[in-house]
Amino acid sequence: MRGAANAQSIVLVDGVRVGSSTTGAATWEAIPLSQIDHVEIVYGPLSSLYGSSAMGGVIQIFTKKGATGFHPSVSAGVGSYGTRNVEAGVSGGSAIDGERNFHYAISAAHEQADGFSATKPAAGTFSFNPDKDGYDKDSVSGQFSVDLAKGHEIGLTLLQSRLNAQFDAGLGFDDRNVEKIENYSLYSNNQLLPNWHSKLQLAYGIDQTDTDASFGKSMIRTRQRQFGWQNDINLGSDLLQLVAERREEKVDTDDGSVDGKRNTNSVAAAYQLKRDAHLASVSVRSDNSAQFGTHTTGSLAYGYHISSALRVNASYGTSFRAPSFNELYFPGFGVTSNKPEQGRNAEAGIYYEAGASHLSAVYYHNQINDLLVNTATCPVEQATHPFGCAFNVDKALLEGISLGASTRVGSFNLRGALDLQNPRDTTTDKTLARRAKRHGSVALEYAAGALKAGVETVFASTRFDDFANKKPLPGYALLNLYSSYDLAQNWSVFGRWNNALNKDYELAKNYATAGSNLFVGVRYGY
């Protein structure tokens, strides 16, 4: 996101942070798409609201919720590479005693694919294995809530997913990872006063990977406990937000090499102002950790409506990322004295919204100090780090322009996005690894009556697989087609043809990606 790495962005599921404390990032492959209701993305540094790691942006994932009535659903499909998928769920809601309302949503899914070889044959590649690398994924999610009285709700959310995935680490062994994510939360929403809304949330999460490979077996588990209290106070047309949080991280490994824990206590305040054509916001947050001390971040933003359709804005904010447990403790790699990364971002944007037409252009300039990189020669502790280490030696500049547009003409919807960026290591003047300077998408969709059909292209320019910029990854453009048709009330068939032109491309050097592949299915549901 905006040139930031996975560990420099936050992922929330139903308001709860998820991810591994060893890598410092979300385990994307284990998050089940079948359980997702919708996704919201906020771009740019947001540490003043969300704390550590919110340097590139925040991705909020919401699972399915219940509505009044009874709503069953089921879906099944098959596709290329032996892909099979089945999903089933039920949601609904009803009144209790004629006053209190109960809502629920339960969903389960199974995905399976025979796959293709994860690696390509190449000179100097010792991990190549020509076997197929498939996966099995089982997941379940649930949401339950009760309205105790008007303006007072308590609820429970849960998400579980288990991914058993094969990979390549050389000939003659069935290498695989079993990744598990679990996420549970209890919450209470309360309208304490007409202008004061309170949300209290208690959450517990697990991110665990068990590896069985030719180089041995291992287990790495992250457990997180999170406590949060958010208060939204309306002051006329303005909004005051007050937040208090506590996050407890604990890492366990089978050999004890990266075991550790850290607690972070946080308080934050934000004020949003609206005055006729003027919009403004200010926020500040303090995160106190026994491991890396206190970090204070803030942001200031101003927007102005030139007209009802045209708006301009500018903002400035600071952010930070605490080192992951691997960057601190992993044998032969981590350095316990590593410091948090720190960012300073300035941006300006213009937005146009009129009816079904939307246009936007945003320029951003995000300077990151104490960038943690993998050094070829470790500046410290060289006797115990002969092959380099993670160390705060570099500075990075994430700079670029994000363009977006969408419009509707009759039965057609057209949308597109383009990022022109220059994410670089300013110490070495090299492009940051695996970041394209140009990437984007264009899609055209037709919807009329029972039929919906679309075509989209996703593209990226040349990238480099390494920080030294010696291993280029060629640019690519993919063509995807999709459609659905309503057979009868609540019944539909759907299909998607990805990489229709069978483009051969790489996201990482000598690792394979899917060729032309088709998936078709049938769905029943409200």
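**Exercise 1. A ring pair between strands**

At 30% relative accessibility, does Tyr 446 count as buried, partly exposed or exposed? Work this out for the predicted model, then look at the ring that Tyr 446 pairs with.

*Solution.*
- Buried means under 20% and exposed means over 50%. Tyr 446, at 30%, therefore counts as partly exposed.
- Its partner is Phe 412: the two ring centres are 5.1 Å apart and the planes stand at 55°, so call this pair tilted.
- Next, place the two rings. Phe 412 belongs to strand 21 (residues 412-421) and Tyr 446 to strand 24 (residues 438-448), so the pair ties together parts 34 residues apart in sequence.
- Phe 412 has a relative accessible area of 40%, which makes Phe 412 partly exposed too.

**Exercise 2. A ring pair within a helix**

Classify the geometry of the Phe 325 and Tyr 329 rings, and find how far apart these residues are in helix 2.

*Solution.*
- The structure has eight aromatic pairs. In the one formed by Phe 325 and Tyr 329, the centres are 5.7 Å apart and the planes make 70°, so it's edge-to-face.
- Both residues sit in helix 2 (residues 325-329), four residues apart, which puts about one helical turn between them.
- Now check exposure: Phe 325 is buried at 0%, while Tyr 329 is partly exposed at 30%.

**Exercise 3. Charges over rings**

Which rings have Arg 311 and Arg 523 over them?

*Solution.*
- Arg 311 lies over the face of Tyr 351, 4.3 Å from the ring centre.
- For Arg 523, the charged end sits over the ring of Phe 494, at 4.4 Å from its centre.

**Exercise 4. Sheet order and edges**

Given the strand order 2-1-4-3, which strands stand at the edges?

*Solution.*
- Four strands make up this open sheet, and the pairing is mixed.
- Strand 2 (16-17) and strand 3 (36-43) each have a single partner strand, so they're the edges, and one side of each has no neighbour in the sheet.
- Zoom in on strand 2: its pairing with strand 1 (residues 9-13) is antiparallel, over two bridges. There, Leu 12 stands opposite Arg 17.

**Exercise 5. From sheet to core**

Which elements give two or more residues to the largest nonpolar core?

*Solution.*
- List the core: it has ten residues, including Val 11, Val 13, Ile 59 and Ile 61.
- The elements giving two or more are strand 1 and strand 4 (57-63).
- Then follow one member: among the contacts of Val 11 are Ala 26, Ile 31, Ile 59 and Ile 61.
- Apart from this core lies another, of eight residues, among them Ala 4, Val 373, Leu 398 and Leu 432.

How values were computed: Residues are numbered from 1 along each chain as its sequence is written. This is a predicted model: local features need pLDDT of at least 70, side-chain atom pairs count only at pLDDT 80 or more; totals for chains, interfaces and linings use all residues. Side-chain values use heavy atoms; hydrogens and water are left out. Two strands pair if DSSP finds at least two bridges between them. Rings of Phe, Tyr and Trp (its six-membered ring) pair if their centres lie within 6.5 Å; planes under 30 degrees apart count as stacked, over 60 as edge-to-face and the rest as tilted. Buried means under 20% relative accessible area, exposed over 50%, partly exposed in between (1.4 Å probe, protein chains only). A charge sits over a ring if NZ of Lys or CZ of Arg is within 6 Å of the ring centre and within 35 degrees of the ring normal. A nonpolar core is a set of buried Ala, Val, Leu, Ile, Met, Phe, Trp, Tyr and Cys residues joined through side-chain atoms within 4.5 Å. Contact means heavy atoms within 4.5 Å. Lists of a residue's contacts leave out its neighbours within four places in sequence.
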